[in-house]
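Me: I would like to go through this model term by term and ask, for each label, what value stands behind it. Please set the value against the cut-off each time.

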Amino acid sequence: MKRIVAAAFAVSLLAPASAFAVGPVDPSAAAPHFEYSGDEGPFWWGEIDPIYADCSVSLRQSPIDIPREVSARTRTNLAVTFAPGAINMKNNGHTVVQSFSPGSTFVLEGVTYDLLQFHLHTTSEHTVQGRRYPMELHAVFRDAVSGNLAVIGQLFEVDRRGTENEFLHDLTQFGLPEKTDDTVTNAAEIDLADLIDAKQLATYWSYPGSLTTPPCSPIVSWFVLRKPVRASQAQIQEFIDVMGNNYRPVQPLNGRTIERK
Ligand SMILES: [Zn+2]
């Protein structure tokens, strides 16, 4: 019963196009349009509408370039538990979003964040010492009480031998939602633990940041995993074909502390 109440609360928080709305989670029809290039591109997001002002005025924006020297070390292990979920993908016009029912959690400083969805960017949004990866997955967790988010970023690199990534194989076995508002659903289950296992979670960079899409709300604790995972060029190309370039350029660090484990 508790879980149902919490889920309903989370949904009600997601509905309005408020400062807490998350673009890829549930884009409201009322949310002002944005693009990844041209006069509605990332450099102009903050000017499109007053509710997007954080995109240009906030000093803790994402993504960032992760420098060689980071500010601090941490020993904190990430308390993430993934549960399998049915394939439930949607093309929202900016990215492909796989939504989850409650059941996967990230406990951070005693607060439980629930996995809402993951989505993908081609190329990566975070760069590492200037290096850009071909794809990045964002697993978005939310604290239903505060509305704050914790996002795990998983970088992809191309496997030169052409070996397929099994998780992406499972995810795309019935195809991808190719056009805006297309969906792909199936009872077949996928499990993020197949991609992001304990070994992946063992080393990461973390820093305080924002949504990387309008309204760019500075409410995200970021955890970018230090180990990239591999996928075949063909698998990554499938996402490029559907999403095109959907990455925001890196943003100024503005003195923020980056922790490394
Ligand atoms: Zn993202």
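Me: What makes E1-E8-E9 an open sheet, and which are its edge strands?

Reply: The three strands follow the order E1-E8-E9 with mixed pairing, and strand E1 (65–66) and strand E9 (131–132) are its edges, since each pairs on one side only. Strands, like helices, are DSSP runs numbered from the N terminus (E, at least two residues, for strands; H or I, at least four, for helices). Two strands count as paired if DSSP finds at least two bridges between them; strand E8 (residues 127–128) and E9 pair in the antiparallel sense over two bridges, so the pair meets that cut-off. Within this pairing, Val-128 stands opposite Arg-131 in E9.

Me: How far do these values rest on the model itself, and how are the residues numbered?

Reply: This is a predicted model, in which local features need pLDDT of at least 70 and side-chain atom pairs count only at pLDDT 80 or more, while totals for chains, interfaces and linings use all residues. Residues are numbered from 1 along each chain as its sequence is written, and side-chain values use heavy atoms, with hydrogens and water left out.

Me: Why are Cys-55 and Cys-216 called a disulfide?

Reply: The term applies to a pair of cysteine sulfur atoms within 2.5 Å, and the sulfur atoms of Cys-55 and Cys-216 are 2.1 Å apart, so the label holds. The structure holds one disulfide.

Me: What makes the disulfide of Cys-55 and Cys-216 right-handed, and which parts does the pair tie together?

Reply: The torsion about the S-S bond is about 90 degrees, so the disulfide is right-handed. Cys-55 lies in helix H3 (residues 54–57) and Cys-216 in the loop between strand E13 (204–209) and strand E14 (220–225), so the bond joins parts that are 161 residues apart in sequence.

Me: Are Cys-55 and Cys-216 buried or exposed?

Reply: Buried means under 20% relative accessible area and exposed over 50%, with partly exposed in between (1.4 Å probe, protein chains only). Cys-55 has a relative accessible area of 8% and Cys-216 one of 0%, so both count as buried.

Me: What makes His-119, His-121 and His-138 donors to the zinc ion?

Reply: Donors are N, O and S atoms within 2.8 Å of the metal (3.2 Å for Na, K and Ca); the NE2 atoms of His-119 and His-121 and the ND1 atom of His-138 coordinate the zinc ion at 2.0 to 2.1 Å, so they satisfy the definition. Water is not among the atoms, so the site may look incomplete. The donor residues are spaced H-x1-H-x16-H in sequence. His-121 lies in strand E7 (residues 111–121) and His-138 in strand E10 (residues 135–142), so this pair ties together parts that are 17 residues apart in sequence. His-121 is buried at 2% relative accessible area, and His-138 is buried at 2% as well.

Me: How do you know that the buried residues of H6 line one face of the helix?

Reply: In helix H6 (residues 233–243) the buried residues are Gln-235, Ile-236, Phe-239, Val-242 and Met-243. Seen down the axis of H6, they fall within an arc of 125 degrees, so they line one face; the arc is that of the directions from the helix axis to the C-beta atoms. The face turned away from the buried side of H6 carries the exposed residues Ala-234 and Asp-241. Just after H6, Gly-244 takes a positive phi of about 65 degrees.

Me: Why is E14 described as largely enclosed, and with which strands does E14 pair?

Reply: Five of the six residues of E14 are buried, so the strand is largely enclosed by the rest of the structure. Strand E11 (residues 149–158) pairs with E14 in the parallel sense over five bridges, with Ile-152 opposite Phe-223. E13 pairs with E14 in the antiparallel sense over six bridges, with Tyr-207 opposite Trp-222.

Me: Which residues is Leu-201 in contact with, leaving aside its neighbours within four places in sequence?

Reply: Contact means heavy atoms within 4.5 Å, and the partners of Leu-201 under this condition are Leu-78, Val-80, Ile-152, Ile-196 and Leu-225. Leu-201 lies in helix H5 (residues 198–201) and is buried, with a relative accessible area of 10%. The C-alpha atoms of Leu-201 and Leu-225 are separated by 6.5 Å, although the two are 24 residues apart along the chain.
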